[in-house]
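Visitor: I'm new to this one and would like a short tour of its salt bridges. Can we start with the basics?

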Amino acid sequence: MVAGAMAPLGEGSDDPVLPDLPRGPLHAARARASFPWKELALFWEGPDMLRFKKNIFSALENDPLFAHPPGSLSLEKYRELNFLRCKRVFEYDFLRVEDLLGNPLRVLALIQCLGMYDWSLATKFFLHTLTFGSAIYSSGSERHFKYLPKIFNMEIFGCFALTEVSHGSNTKAMRTTAHYDPTTEELIIHSPDFEAAKFWVGNLGKTATHAVVFAQLYTPGGQCHGLHPFVVQIRDPKTLLPMPGVMVGDIGRKLGQNGLDNGFAMFHKVRIPRQDLLNRSGDITPEGTYVTHVKDARQHFSESLGSLSSGRVAIAGMSVVNLKLAVSIALRFSATRRQFGPTDEEEVPVLEYPMQQWRLLPYLAAAYALDHFSKSLFLDLVELQQGLLGKDRSARQAELGREIHALASAGKPLASWTAQRGIQECREACGGHGYLAMNRLGDLRDDNDPNCTYEGDNNVLLQQTSNYLLGLLVRRDQDGARIESPLKTVDFLEAYPNLLGHGFEASSPEDCLDSSVPLAAYEWLVCYLLRESYQKLNQEKQSGSNDFEARNNCQVYCCRPLALAFLELTVVRRFHEHVHQPDVPPPLRAVLGRLSALYALWSLNQHTALLYRGGYFSGEQAGKTVENAILALCAQLKDDAVALVDVIAPPDSILNSPIGRADGELYKNLWSAVLQQSKVLERASWWSEFSANKPVLGSLKSKL
């Protein structure tokens, strides 16, 4: 079966899509795997996607422009190199415009392949083509499509300017204005003061010639119609000098992603044509009358910021990539690093220790579970956007938009936080070698860090999800409406509150080795937290709190865990259904089932206190059963860990970590990389400070 499955991948040819991995110390670990890793790669990605990724990786590997420079670069040099690489990506034309609609997963794959190489490059490319480009495509109309070919031939370079110095999460409070002047049919873009300067905008610092700028739209007579997007020229494409009235600059060095130029801009009465208002949800007539098909301000606001959902889904996928890279490095290291043993003569690989398994293998399972979830949510989002472009105004379309908004608003926090904790665990699990910059775990941690903040602070975003869930309950109580949704993520709540009568029925760890057991526990947990949040909200209102205060007072122990538990349940359910579908090849069923159960139990175990408090667990045996099942699954997956990593790890030149290379020659690769660094064996240039100028002890001590 394996040979047959691999035939379409060029097996046996000079350039197979999945070449054999180099022999070395990891070979023995690979040989212990319970499944063929190439078959899992084929099932997980599909042959077309494997070929697409191989083409990207091969191009980067063979192009000297993408060679990793030894040592660190100056900020200016890194920015220049990143721009040249971005230009080169366009020259390769990996992603044709028709792929954007016909094969949307390729869009995600290209961003993720570039990100595996360097997130500064991926983000620069992504912000220009997708964030800027799709904002024009989805928020504008045919009169704006003239910009699209200019994006792809780099005649212009774009950015997405929403955040300001004094406002980030509270997008409605942005203070940049756009006043319409009917005498010239122009809009006047203006920053009232420096606090209203656009800030943190990727590509704006040194590169962008155009921006989608969000501003409060005013028509003659002074009426404000809320936040709208406008295309505004920032720089002259021929000289990269600012346009009249635009003050633009770079905000400086960041904690990570320093190849990306994040910038600020202030506008002093900058005039743009009326037609540069992106008018899908609202427009102005030449005379200055505001026209819109949108029924209320809330719908207009959500349509204007619709592109943020796609950004959040993309960031969830980016976070998963970082987690994949980190666990690839840490597990290959752990399978070859030997420390201690039953006798002084026999040291064992650190992956043999249950503690190391417990630290790392749940994050490997999380990488698989969240990878499947982020891809499936991306396809759901594509369905939503196709409906929007087809002017679908149905109730189902509106409900799909609300559901995806809720999933994206909790998906980004769950993925970015899981990656951030996972990368740190991987760093520590690799000991001192994990702290060496060349092994990349520090860069992954710093580059993943902003995923927790941009496109919405994680804790603020979770409120969107809990509000959605509470709204479903309110609608049922007030109107008797069924609790259901297009993607069926909330359909189980139709059994609320009866589900709360259920309890934990597993009596042994063996009963938990299928993800259906934690799935049932999660359904109970979400119902419990929904009831707690609903009751707390009503108590706050009855005690005199207004709606704003009441919602804030419910967040910490009710609404925040509700949103996270709901999203964890959704990830667990989608992964469970994916790995239990009939077309999973028989050799893969056991290992995928274990990954699914491990992720579900490990995630659920973080809510043990709530499960006891609400009465789902009773007696000490319930908690112990879950813990023992987690350890049993780790032990069962230990011998599959290296092969599971081989499925998700990029080629060595892209992974770029001496301790994470596929051959497992841990110490040879590390020693070689250390010796190849610049000036590693040279005497310090300041050696004479040691030899000639000795300190006089106490010479600077106060004589008073």
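Guide: A salt bridge here is a side-chain nitrogen of Lys or Arg within 4 Å of a carboxyl oxygen of Asp or Glu.

Visitor: How many salt bridges does that rule give?

Guide: The count comes to 36 salt bridges. Keep in mind that this is a predicted model.

Visitor: What is the mean pLDDT of the protein?

Guide: The mean pLDDT is 93, and 96% of the residues reach 70 or more.

Visitor: Where does pLDDT stay under 50?

Guide: Over residues 1-7. The model has 12 contacts beyond four places in sequence for that stretch.

Visitor: Back to the salt bridges. What does K124 pair with?

Guide: K124 forms a salt bridge with D261, and the closest N and O atoms are 2.7 Å apart. K124 lies in helix α8 (residues 119-139) and D261 in the loop between β7 (246-250) and β8 (262-267), so the pair ties together parts that are 137 residues apart in sequence.

Visitor: Are those two buried or exposed?

Guide: K124 is buried, and D261 is buried as well.

Visitor: OK, what about R332, which residue does it meet in a salt bridge?

Guide: R332 meets D646, at 3.0 Å from N to O. Because D646 lies in helix α23 (residues 641-648) and R332 in helix α11 (residues 306-336), this salt bridge ties together parts 314 residues apart in sequence. Both D646 and R332 are buried.

Visitor: And R482, which residue does that one meet?

Guide: The side chain of R482 meets E494 in a salt bridge, at 3.9 Å from N to O. R482 and E494 are each in the loop between α16 (458-479) and α17 (516-542), 12 residues apart.

Visitor: Buried or exposed, that pair?

Guide: R482 has a relative accessible area of 56%, so R482 is exposed. E494 is partly exposed, because its relative accessibility is 29%.

Visitor: New topic. Which residues are linked in a network of salt bridges?

Guide: E45, K53, K324, D371 and K375 are linked that way.

Visitor: Take D371. Where is it found?

Guide: D371 is found in helix α12 (residues 354-389). D371 counts as buried because its relative accessibility is 1%, and the cut-off for buried is under 20%.

Visitor: What does D371 touch?

Guide: Leaving out residues up to four places away in sequence, D371 touches W44, V320, K324 and A366. K324 is also one of the residues in the network.

Terms used. Residues are numbered from 1 along each chain as its sequence is written. This is a predicted model: local features need pLDDT of at least 70, side-chain atom pairs count only at pLDDT 80 or more; totals for chains, interfaces and linings use all residues. Side-chain values use heavy atoms; hydrogens and water are left out. pLDDT is the predictor's confidence in each residue, from 0 to 100. Contact means heavy atoms within 4.5 Å. Helices (H or I, at least four residues) and strands (E, at least two) are DSSP runs, numbered from the N terminus. Buried means under 20% relative accessible area, exposed over 50%, partly exposed in between (1.4 Å probe, protein chains only).
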